[in-house]
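Let's take a walk through this one together, stopping at a few places along the chain. Have the viewer open and follow along.

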Amino acid sequence: MLVIRKAAVLGAGRMGTAVAAHLANAGIPTLLLDLVPTELTEEEQKKGLGLEHPAVRNRLATAAIATATKGRPAAFAHPARTGLLIPGNFDDDLPKLADVDWVIEAVVERLDVKQDLLRRVAGHVGPKTIVSTNSSGLSVNAMASVLPEELKSRFLGTHFFYPPRFMYLLELIPAQTTGPAVVERLKEFAELRLGKGVVLSNDTPNFVANRIGIFSTVYAINAMDKYGLTIEEVDAASGRALARSVTATFGTSNLAGTDVLAFAVAGHYQTAVNDEMREQWRLPKWILDMVERGYLGEKTGGSFFREKRTLVIDPKTLEYVPRREPRQLSLKEANKIADPVARVETFISFDDEAAKFGWDLLAATFVYSANRIPEICSDIAQIDRAMRWGFGWELGPFELWDGLGVKETVERMKAEGRAVPEWVLALAASDHPYFYKKEAGRLKAWGPGQTEHKLLPPRPRVISLADLKAAGGTLDECKDASLIDLGDRVACVEFHTKANVVSEDIHLFIEKILAEAGDAYDALVIGNEGAHFSGGADLSVMLDRIRREDWDAIDATLRNVQRAGMKMKYAPIPIVAAPFGRVLGGGVEVCLHCHRVQAHADVNMGLVETSVGLVPSGGGMKEAVLRTMAPAQGVDWPYFIMQRSFAAITMAKTSSSAWEAFDLGYLRPGDGVTLNRESVIYAAKQVALEMLETGWQTPAPVKVKVMGLDGMGNFRCLLDNTLESGSISQHDHYLSSKVAWVLSGGEVDINAEVDEQYLLDLERKAFLDVCRTAKTVERIEHMLKTGKPLRN
C-alpha cells in the first residue's frame, strides 16, 4: 500500500488550500507553497518588516490557511488539523520537496504556468515522489512532456472537486507515460485514506464529469429560448425533475463561477475539434457580457442569482428582478414524487414546454454520454459514478436510461431523428435491453463493440446492503428495519423508516434479534444506506400522544426504548454502530449503547431534543453521566467536567465532524473514523470481526458517584444568571434545569453512588414532565411544520 508521510500542495488559491486542508484532515503533514509577494502590505510596513522577512515571503500561504479556517463550508474537519499545514513559498521551499511523498500542483488553470512550475519542481523531488496536477481539464500529457524521463512514470492528473472535504469524486488521469502501479497505488490510497470515490479518466478535454456536466449545462442554456423558459424554469426542469442536483444549471454555475464556466466552455471549443457536438459548446452573448461586467457568481455577490436566490438576472437587460415560481404543471407534479426514475418518467410524459425541454436535454445527454465511450473512459460505470459523485446527480445517465427503458427511449429518439450510437441500438435490440446486468451478485455492463454484458471490477471495501438483500441476504425483518447477512457471521441492522427515525418497533426488533444471537450471527453492525443515519425519534407519534395526554403510552414507549438500549449495551455479542450524515437524538442514543462506533469523518452527531422542547430519554443523559463521572472519580469538583455534556445537550449542539463528536463526548477512545462514506459499513464489520477474534467480552454493569444537590445548585446558579441576562427564554431555563437535574443525579447528596436504572428513571421522569408543557407542544409542531427549531 502507498504510504504518504508528507505531502505538498503548490498553489494557495481556494482550491489548492482546500486540497491541502483535506490532506490535513487525513492526518498528513502538508507543505502549502505559493508565490513570494513583491510588495509589502501596510500592516507589514508598520511592523518594520522587509520583503526578505519569512512572514512576508510566506504571506500568501499563511493568509490562505487563516482564511480557510473561517470559511464555510469548513475546509478543516477540526481546528487542530490546521497545525498540519506548513506555509511556504516557491523560491525558498522547493528543496523541501525532496522529503515529500506526494506533490500536488494546483496553480492557475493555464498550461504554460503549470509547465513552468513543473519544470522547477522536477529538480527537487525525491526518486519515489509522486507528482500530480490538479487540473479540471488541461492536457496531462502536455504537462508530462516537460518533465525528465525518470519522473514521467510518477506523474499524473488528480482532479479534486470543490470543496474536496465534502465532494466525493476524485478523477485520476494517467498520462501516456504514467506507470500503471502508480495509478493503482494512488487510487487505493485516495479511496482508503482520503475517502474518495475514484474515477479513472482518459486525458481528454474536461476529463469525465466536467465533459458530461458542462455539455449538459451549455445545452440547457442554449435550449432555453427555444422553449420560451425563464432561468427559474430551466433550473426547475434541469434539476430535481431530471434526478439531478437541486442547484441544476444556473444555480451550479452561480456557485462555481460564471467566469469558470466561460473559461471551460471556450477551452473545450478550442481543443475538442472532433467533438460531434462542438458547436453546442458556445455560450450566448448575454452570459459573456455578464462575465465582462464582473457578475461572476457568489464570489462577487452573484451572477445569475443574488440575495440568496430571491433575485434573478433578466437575460435581456442584465438587470435583477424578483424570482418567479415556474408555471408548468409538469414540474409541480414531478416534484411530488420521491423515487427518481418515477419522477423523471412522470415529468417527461407531460406536453408542456418544461417537459419538452427536459426530454430534449435528457436525450441529448444520453446520446452525448454514449458517444464518449471509450473516448473519455473505459466503461459506462465511470461516467455514472462521476456524475453522481461530482455533480450530485441522483442517477448517472446510463442508470437513469435503464430506469426509463432503453428500448422505449431509443424508439422515441429514433422517431425524432436523433443519431443514437450503434452500440446502443444493438443493446436496445438485444434480449436484455439494459446497460447493467447482475449475475451471482456481480455487476456487468454493456459497452461499444460488445455482444454480451461484461463484468465490472468490484469496488474494494464497499458493502452494498441493497445488493445483499437482492441476493436473498435478509435474515429477518419488520416494518421499520431489516437484519441483513454481511457474511462471516456478522449481520447488519438496517433502518428503513422515513428519515431513518428510530421507532419503537425498531427497538423491539433489536431486542428480538439479540435474543437470537448466536444462531446465524455472532456480531452486529447497525448501519444503513439512507441519506442520513437517523433523524432521531418519531416526533409525530410523540406529538399525537402528548395532545391526547396519553402519559401511560409515552411512559411505556420510553421504558421499551431504555430497555432495548440496556440490552444492546450488555448484549452477549459485540455491536458496532456505523453512523454517517445526520445522527440526531435517538440515533445518537443507539450509538451510545453500542460497544464500538465506526463513524464517517463528517458525521453530524447531537442530542438535540431541547430544540423541540424535549429532553433526551433513551439513555443519552445516563451515558453522559457515566462517561463523565466515572473518569472523574476522585476529582475535587467534577461540575466543571460535566459542563461539556450540559452545554452540548442544552444548546442542542451537533458535531460537524467525527473529531468534534469526540470533543462533545458522543464518541470515545476506542471508537474509529472512516473517511470514505461508502466504506463505513465495511469498516464497522471489520471492527466487529476484530472484536470477536481478540476475545471480546460483555461489559460488566457499573455504578457511578454523582454530584447530587451540590451540582444542581451550581447549574441553577448558572441558568439563573443566563436567564437574567436575556440569553435564554423561560422555557429554555426550564428545560435546562431538567437536564441539570438528571446530569447531577437528582436529589441526592454529593458522591452518592447510583446505578444505570436509577439514571434512566430520572430521564423518564424529566421527559414526562416537559411533555406536559404547552411550549413543548408548540416547539414540536413548529419543527414538524418548518423543519426548524423554535426558541420560545
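A residue is called buried here when its relative accessible area is under 20%. Keep in mind that this is a predicted model.

With that cut-off in hand, go to helix α11, which spans residues 231–238. Seven of its eight residues are buried, so the cut-off of under 20% leaves this helix mostly covered. The buried set is made up of Ile231, Glu232, Glu233, Val234, Asp235, Ala237 and Ser238.

Next, jump along to strand β16, residues 481–487, and pick out Ser482. Its relative accessibility is just 3%, which is why Ser482 counts as buried too. What does its side chain pair up with? The partner is the side chain of His496, and the two are joined by a polar contact of 2.9 Å. His496 has company around Ser482: setting aside neighbours within four places in sequence, Ser482 also touches Asp476, Glu477, Cys492, Val493, Glu494 and Phe509.

Last stop: a pair of helices, α27 (residues 620–629) and α33 (residues 756–771). Their axes come within 8 Å of each other and cross at roughly 135°. Angles over 145 degrees would count as roughly antiparallel, so α27 and α33 are oblique to each other instead. The crossing of α27 and α33 is right-handed. On the α27 side, the contact is made by Gly620, Met621, Lys622, Glu623, Val625 and Leu626, while α33 brings Glu756, Leu759, Leu760 and Glu763. Sort the residues of this contact by character and you get five nonpolar, four charged and one polar.

Notes: Residues are numbered from 1 along each chain as its sequence is written. This is a predicted model: local features need pLDDT of at least 70, side-chain atom pairs count only at pLDDT 80 or more; totals for chains, interfaces and linings use all residues. Side-chain values use heavy atoms; hydrogens and water are left out. Buried means under 20% relative accessible area, exposed over 50%, partly exposed in between (1.4 Å probe, protein chains only). Helices (H or I, at least four residues) and strands (E, at least two) are DSSP runs, numbered from the N terminus. A polar contact is a pair of N or O atoms within 3.5 Å; within protein, one must be able to donate a hydrogen and the other to accept it, and residues adjacent in sequence count only if both atoms are side-chain atoms. Contact means heavy atoms within 4.5 Å. Axes are lines fitted to C-alpha atoms, for helices over the stretch in contact, and angles run from 0 to 180 degrees between N-to-C directions. Angles under 35 degrees count as roughly parallel, over 145 as roughly antiparallel, 65 to 115 as roughly perpendicular and the rest as oblique. A crossing is left-handed if the near helix is turned anticlockwise from the far one by less than a right angle, and right-handed if clockwise. Ala, Val, Leu, Ile, Met, Phe, Trp, Tyr, Cys and Pro count as nonpolar, Asp, Glu, Lys and Arg as charged, and the others, Gly among them, as polar.
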